[in-house]
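Here are my comments on the model you sent, set out point by point. They cover the fold of one chain, a contact between chains and a division into domains.

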Amino acid sequence: MERFGILLVGSVRHADVILVSGALNKKGAKRLKRLYEQASKPCLVIAVGSCAVGQGIFRGSYPISERPVDEVLPVACYVPGCPPKPEAIIAGVAKLLEKLRGER
Amino acid sequence: MSEWEERLRQGLGERIIKLSELGRRIYIEVLSRDIKEVARYIFQDLGARFITVSGMDKEREFELIYHFGLDSDGAVISVRVKLDKNRLEIDSISGIIKGAEFIEREIYELLGVGFKGHPNLRPLLGAENWREGFYPLRRNR
Amino acid sequence: MKSLIPIGPFHPLQEEPELFLLELDGETVVGIDIQLGYNHRGIEKLSEAKTYEQITFLVERICGICSNSHPLAYVQAVEEIIRCEVPKRALYIRAVIAELERIHSHLLWLGLAGHFLGYNTVWMWAWKYREPVLEILELLTGNRNHYAMMKIGGVRRDIERKNIEKVLKALKELEGKLSELTQAILDDPVLHLRLKGIGVLSREDIREYGALGPTARASGVEIDVRKNHPYSVYNEVEWKVITQESGDVFGKAVVRCLECFESIKIIQQCLEKLPEGEIDALVKEIPAGEGIGLAEAPRGEVFHYVLSDGSNQPLRHKIRAPSYMNIPTCQVSVQGAELSDVVLILAGIDPCYCCTERLGVVDYRSKARVMSGEDLVRLSQAKTARIKKEL
């Protein structure tokens, strides 16, 4: 991923993008919101995987949050798949970056 | 009578209410008050390996099944106990088998069964986020 | 340069670690509190609302690296209820997929151990050699994980003859590379110093906790579902159960390395002996009854219990993954350990790797949280660097 100019950082304060993967459980939803609020804006959210895109196969399960990720955070890009292939994730990020460059 | 049936009857005698054997699967039923002695016998005397406990709300009653592996023979012994739905408690076997600690906590959390003598009976999976009195594996009446 | 921070089941967004909370006295660990549930998804309950076929896909997703073992144990439990005979060809294919998974899981672990040790070369090589295995899986099943191969009564996809040559060739190459990697690891004096004597579990510990898989086998306990409760075709091919006597993290690493070679052997024999025939018993109905299915996942025994009332959804589905039994052994293995060794001791039992991210250190006296998981990884890497200098 570093080849594309993407670097993993250890703190949300240094992040420009947040990648959310997996089904959100009730515990997670609150924390995710808090984390996003701590990130310096602009900060884009990418939902990776069918569970982040829309709860996927765990929909309706009791510990899973009733609100999918995009009702907790503003999602800029959806990468479906269970699991999404590595190429799909990179394609999603690349598309998002392209879109941003286009808009500037 | 197979060798395992013989050894079970020898060690547990009257405690066995029912016994059925099919291939490598042996199911026995015992009274909940006998669980410590039964678990001890199977784990210590028979040298079986503790696999896990499965719990279930069967509406008229609750049922716990304690599963043990007889690895030398490729068999599994499953011990069934029935619990009165108005008195959901049973002795903990964690004093005999340390590996039972977590699963008893999980059953406590998901089914609301109390394990007497458990050293650390508190939720395992994060129940503090769920509603009071919510036991996910119970059937809603 | 844009930056990314991953958050999700593998890096749960927690300020407070929730999985392992260590209590320290000075630099020594005196206690550990283990809490699970960060990724509780209610799968057993969800199962009751799904059909038997749907459940195969559900249980695949319990874990991304034991993705095949859960469906395998599950379909075996249901097949026990039906008492159906699974065609031989399907049984062979099951073993091929299961062993491929074992190899890629062990290599994943090796890479992580390398990372925790601060041995980035090991990390890179292990993950590099993992790629061909994932490619084989993609060739045979269409996916790098979540293969959707298991089916009640058989397997969902056949292995085409034209692919067998490719796979055998790739495995031969892999064997050579793995030999080199294994030798390099096992001969390394720094690794001996870092991994020997830490995280020791005795045979008694293994028995009391019901520990499984390489964790148990590294302590000399010869339990392996493939040998003890044979399923698929493990009793028709030649292979051996790998054990070590030391019970320490080094022993656990050796077991995992050597198991890869046994897995390669098993796959080769299965592909060479693959009989013609059906891959599916075409099951129509599930009668009432109960069934138990066991399978040896890379981490140890997976246990599924299914209760059927004759309808198309189970009445109860109990799932027990191996890490559930292995994780509590940490209470023993970290006692008295040096803080810089903790990460390796925990990694030694190979929990879902995300678990080791969820570490925290609490000072015994002040009860204040003083360190995070990342800090502990850095401590471990620093220790390795120190030892290297001294040699």
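1. In this predicted model, the secondary structure of chain A consists of four helices and four strands, and these elements follow one another from the N terminus in the order β-β-α-β-α-α-β-α.

2. Of the 104 residues in chain A, 38% are buried. When the contacts of chain A between residues at least 6 apart in sequence are considered, 76% of them join residues at least 24 apart.

3. Turning to the contact of chain C with chain B, 21 residues come from chain C and 20 residues from chain B. On the side of chain C, two or more residues are given by each of α8 (203-209), β7 (300-309), β8 (316-320) and α12 (323-326) of chain C, and β8(C) gives the most, with three residues. Sorted by class, this side of chain C has ten nonpolar, six polar and five charged residues.

4. Chain C itself is divided into domain 1 (20-39 + 335-390) and domain 2 (43-324), and the centres of these two domains of chain C, taken over C-alpha atoms, are separated by 28 Å. Their contact takes 19 residues from domain 1 of chain C and 20 residues from domain 2 of chain C.

5. On the side of domain 1 of chain C that touches domain 2 of chain C, α14 (342-348) and α15 (373-390) of chain C each supply at least two residues, with α15(C) giving the most, namely seven residues. The residues of this side of domain 1 of chain C divide into twelve nonpolar, four polar and three charged.

Note on methods. Residues numbered from 1 in each chain as written. Chains lettered and ligands numbered in written order. Predicted model: local features only at pLDDT ≥ 70, side-chain atom pairs only at ≥ 80, totals over all residues. Buried ≥ 20, exposed ≤ 12 C-beta atoms within 10 Å, placed from the backbone. Contact = placed C-beta atoms within 7 Å. Nonpolar A, V, L, I, M, F, W, Y, C, P; charged D, E, K, R; others polar. Domains from an automatic or database assignment.
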